[in-house]
Amino acid sequence: MGQPKALRVPLPRNKQTCPRDEGCTRPPSAATIALPRLLTPALKAKPVEVTLAPADNQRLANLCGVLDENLRQIETALDVTIARRGEHFLLRGEPERAARAAELLEKFYSDAKRELTLDDIQLGLVELQQPSAKSEPELPALQTRRADLQGRTPRQRQYLRNILEHDITFAIGPAGTGKTYLAVACAVDALERDAVKRIVLVRPAVEAGERLGFLPGDLAQKVDPYLRPLYDALYDLMGFDKVQRLFERGAIELAPLAYMRGRTLNHSFIILDEAQNTTPEQMKMFLTRVGFGTKAVITGDVTQIDLARGQKSGLVEARVVLSGVRGIAFSEFQSDDVVRHPLVARIVNAYEAYEQGGGRERSP
């Protein structure tokens, strides 16, 4: 293949360069620079121009964020390039992606009467990629500190329906899809409405590929590291002080999975997190603890099993054994339900493609 045809690009007069002789100070009138003529389809496509009206400098500042960090998030998520001057924006990329970015800019500008955070931008990106929920029945508002809490994707909204309509709900899917957070939100809602008397948090004490050894302190301090994601959700939805008071009253209880045998939990909302790390015996034991007036939500990601190699996961077995049992619901999430940084969904997809292509295999 021959060399690309060269273009003559004039250089500014104040630039003194001499490509062949470093000692030369004579400014050339022009330099010959080899530039490839092949352009990517995204650069060939006609850019999309957007003018936001009415022009408002404060709203534009809220939209763009500090050092245009909000615009960078949109660029990363949609693989487009955004240039702006005042209220005029120029979007370059694949036509479909550029059109979606233009739609997103207009939507965010209408919301930019207040400061837009990175969370607002990322949640808006997730909602834009999902089908409209207008045809779906409206879900009752959950009584939490987050007034704007809702399912962002169709599967998340179905997950909330499953929790409200069934006594036992399984949520299986990759990290970042809201399995644990939405389960805690439903538990807080049930406690606030006096539908249950307590929230019980359960998680197997299995480390992710490393051994932490002996942990000092009482039982609560020993299991704290494993239950931290549940704590974080509770603090966000109820506030730190209220959560501490409920712990002191026993309205929120920590129950290590190993100590559940023999108990019957009535009028409780039980959450078993990281259930992929249970054995079949532990899963059966946990499910038979459910008493009268109790709801149970079991969450896990079957692609991140930390059990010993060859040990079967109780969550994998339960999905097969209980799939036809009336009163039990299963919610399966996918990478397009991820409500985190846009890169998380790409990471999940990359690992799935790698494993499906004959890469690392994990025996469930």
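Helices (DSSP runs of H or I, at least four residues) and strands (DSSP runs of E, at least two residues) are numbered here from the N terminus. By this convention, the protein chain has twelve helices and eleven strands. The structure is a predicted model, in which local features need pLDDT of at least 70, side-chain atom pairs count only at pLDDT 80 or more, and totals for chains, interfaces and linings use all residues. Residues are numbered from 1 along each chain as its sequence is written, and side-chain values use heavy atoms, with hydrogens and water left out.

A look at confidence comes first. The average pLDDT (the predictor's confidence in each residue, from 0 to 100) is 80 for the protein chain, and 77% of the residues score at least 70. Residues 15-22 have a pLDDT below 50, and this stretch has seven contacts (heavy atoms within 4.5 Å) in the model beyond near neighbours in sequence. Residues 208-212 also stay under 50 in pLDDT, with four contacts beyond four places in sequence. Where pLDDT is low, the predicted coordinates should not be read in detail.

Turning to the chain as a whole, 40% of its 364 residues are buried, where buried means under 20% relative accessible area, exposed over 50%, and partly exposed in between (1.4 Å probe, protein chains only). Of the contacts between residues at least 6 apart in sequence, 73% join residues at least 24 apart.

One sheet is open and consists of three strands in the order β3-β5-β4, with antiparallel pairing; two strands pair if DSSP finds at least two bridges between them. Because β3 (48-51) and β4 (81-85) are at the edges with a single partner strand each, one side of each is left without a neighbour in the sheet. From one strand to the next, the twist averages 20°. β4 and β5 (residues 88-92) run antiparallel and are joined by five bridges; R85 has H88 in β5 as its bridge partner. Helix α3 (residues 69-78) lies across β4 and β5, running at about 150° to β4. Such angles run from 0 to 180 degrees between N-to-C directions, with axes fitted as lines to C-alpha atoms, for helices over the stretch in contact. Helix α4 (residues 95-111) packs on this sheet too, touching β3 and β5, and its direction makes about 150° with that of β5.

A second open sheet has six strands in the order β8-β7-β9-β10-β6-β11, paired in parallel. Its edge strands, β8 (252-254) and β11 (328-332), each pair on one side only. Neighbouring strands are turned by 15° against each other on average, direction ignored. Within this sheet, β10 (residues 295-300) is mostly covered, with five of its six residues buried. Five bridges join β10 to the parallel strand β6 (residues 168-172), and I168 is paired with A296. On β9 (residues 268-272), which also runs parallel to β10, four bridges are found, with K295 as the partner of F269. Three bridges connect β7 (residues 198-202) to β8 in parallel, and V200 is matched with E253. Helix α11 (residues 314-321) packs on the sheet, where it touches β6, β10 and β11, and its direction makes about 120° with that of β6.

Helix α7 (residues 179-192) is mostly covered, as twelve of its 14 residues are buried; among them are K179, C186 and D189. D194, which follows α7, has a positive phi near 60°.
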